[in-house]
Amino acid sequence: MDRYCVFGNPIAHSKSPDIHAAFAAQTGQQLTYDKRLAPLDGFAAAVHAFIAEGGKGANVTVPFKLDAHKLANALTIRAQAAGAVNTLLFDAHGITGDNTDGAGLVADITGNAGVAIAGRRLLLLGAGGAARGAVLPILEQRPAALVIANRTVATATALVEQFAALGGEGVLSAGGFGDITGSFDIVVNATSASLQADLPPIPASVFHPGTLALDMMYGKEPTVFLRFAAQHGAVPRDGLGMLVEQAAEAFALWRGVRPDTAAVLASIRQTL
Ligand code: ATR
C-alpha cells in the first residue's frame, strides 16, 4: 500500500491524516497516511528515512516548510514563488517540492465561499511565508487590486517587487496597516497575530457590507480578527476550508484524482 505522511513539530494535533483518510475512502484509493514528529534539526534525515521505508509523498507543516524547500531537488513554479514547500512527491526524479497552500486558499474563496476574485479588490494582511504563498495563486485569478499590508513595511514592499513581473504590475501595492485606504471585497489575514489573540491594527473601513473576511487560522472559537470583521459587516470565514483544500490539491498531485471536499470539510469541522 502506498505510504504518505505529514512532518511537523509539534504534530500531534494535525488533522491531515483524518482529511487524507476521508479522501482515500471517498475515491477508493489504497494508501496510508500518518503523522511524523521530526526533530527540529533532523527534517532531512526524517524524510530520507521515510523514503527508504517506501514513502511516496508527504506534507510538511510548521516549522519545516523552508527546510522542505531546501531539500527538494525540483520545485514547482508556485513553490519557487512561495519560497516554501508544503507538499513533497518522491519518485524516480527524486524529491519534488510543491506548495498547495495558496491554491487551497483560492479554492476555498472561489469554490466553497463562492466569492469571485477576478476583478475584485483584495487586502492581504501579513508578508511572511503564509502570505507569500498566497500571492501568485491570487494574481492568477486577475484581481483588480491586491494590497499587501504588514507590520514590517519593507517585507511587504519586497513581495511587491518579487511579484511585479508575475502579474503584479499595476495590481499589487504594499504598505503598513495604517496606510490602508478604501474598502475591499476580500480581506485575508495571513499574519500569525491570531495565534497570540492579537488583531492587526487595521481600520474598520477596510470592510464594507458583505466583504469576505478570511483568517488562515482556525479553531473552535472565531479569532479576534474574525470577530472584528463581523462587527463591521463582513462575512467571517476561518482557515479550515483552506486546510482541506490544500490537502485536496496535494492528494490530486499524488494520486491524479481530485476528491470532493465539501463533505470532508463538514466532518472535520465537527472535530474542532
Ligand atoms: P507564517 O509562516 O505564518 O507566515 P512568518 O513567516 O513568521 O509566519 O510570518 C508571520 C507574519 O505575521 C508576518 O507578516 C508578521 O509580521 P512582521 O513581518 O512584521 O513580523 C505577522 N505578525 C506576527 N505577529 C503579529 C502581530 N502580533 N501583529 C501583526 N502582525 C503580526
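Two strands pair if DSSP finds at least two bridges between them. Helices (H or I, at least four residues) and strands (E, at least two) are DSSP runs, numbered from the N terminus. This is a predicted model, where local features need pLDDT of at least 70, side-chain atom pairs count only at pLDDT 80 or more, and totals for chains, interfaces and linings use all residues. Residues are numbered from 1 along each chain as its sequence is written.

**Exercise 1. Walk through the parallel sheet and find a bridge at its E12 end.**

Step 1: Get the order. Six strands line up as E9-E8-E7-E10-E11-E12 in an open sheet, with parallel pairing.

Step 2: Pick out the edges. Strand E9 (172–175) and strand E12 (235–237) are the edge strands, and each pairs on one side only. From one strand to the next, the twist averages 20°. (Axes are lines fitted to C-alpha atoms, for helices over the stretch in contact, and angles run from 0 to 180 degrees between N-to-C directions.)

Step 3: Zoom in on E12. Strand E11 (residues 207–215) pairs with E12 in the parallel sense over 3 bridges. Look for Ala 213: its bridge partner in E12 is Pro 236.

**Exercise 2. Trace the mixed sheet, then say what lies across it.**

Step 1: Write the order. This open sheet has 6 strands, E2-E1-E3-E5-E6-E4, and the pairing is mixed. Strand E2 (31–37) and strand E4 (74–75) each have a single partner strand, so one side of each is left without a neighbour in the sheet.

Step 2: Follow E3 both ways. Strand E1 (residues 2–8) runs parallel to strand E3 (residues 55–60), joined by 5 bridges, and Cys 5 stands opposite Ala 58 in E3. With strand E5 (residues 87–91), E3 pairs in the antiparallel sense over 3 bridges; there Asn 59 stands opposite Thr 87.

Step 3: Check the E4 end. E4 and strand E6 (residues 94–98) run parallel, joined by 2 bridges, and Ala 74 has Thr 96 in E6 as its bridge partner.

Step 4: Add the helix. H9 lies across E1, E3, E5 and E6, running at about 10° to E5.

**Exercise 3. Describe how H5 packs on H6.**

Step 1: Take the geometry. The axes of helix H5 (residues 101–112) and helix H6 (residues 129–139) come within 7 Å and cross at roughly 60°. That makes H5 oblique to H6. (Angles under 35 degrees count as roughly parallel, over 145 as roughly antiparallel, 65 to 115 as roughly perpendicular and the rest as oblique.)

Step 2: List the contact, counting two residues as touching if their C-beta atoms, placed from the backbone, lie within 7 Å. H5 brings Asp 101, Gly 102, Ala 103, Leu 105 and Val 106, and H6 brings Ala 130, Gly 133, Ala 134, Leu 136, Pro 137 and Ile 138.

Step 3: Sort by class. The contact of H5 with H6 has 8 nonpolar, 2 polar and 1 charged residues. (Ala, Val, Leu, Ile, Met, Phe, Trp, Tyr, Cys and Pro count as nonpolar, Asp, Glu, Lys and Arg as charged, and the others, Gly among them, as polar.)

**Exercise 4. Map the shell around the ligand.**

Step 1: Count residues, with near meaning a C-beta atom, placed from the backbone, within 6 Å. The ligand is surrounded by 16 residues, the closest being Gly 128, Gly 129, Ala 130, Arg 151 and Thr 152.

Step 2: Assign and sort them. H6 gives the most to this shell, with 3 residues. By class, the shell around the ligand has 5 nonpolar, 9 polar and 2 charged residues.
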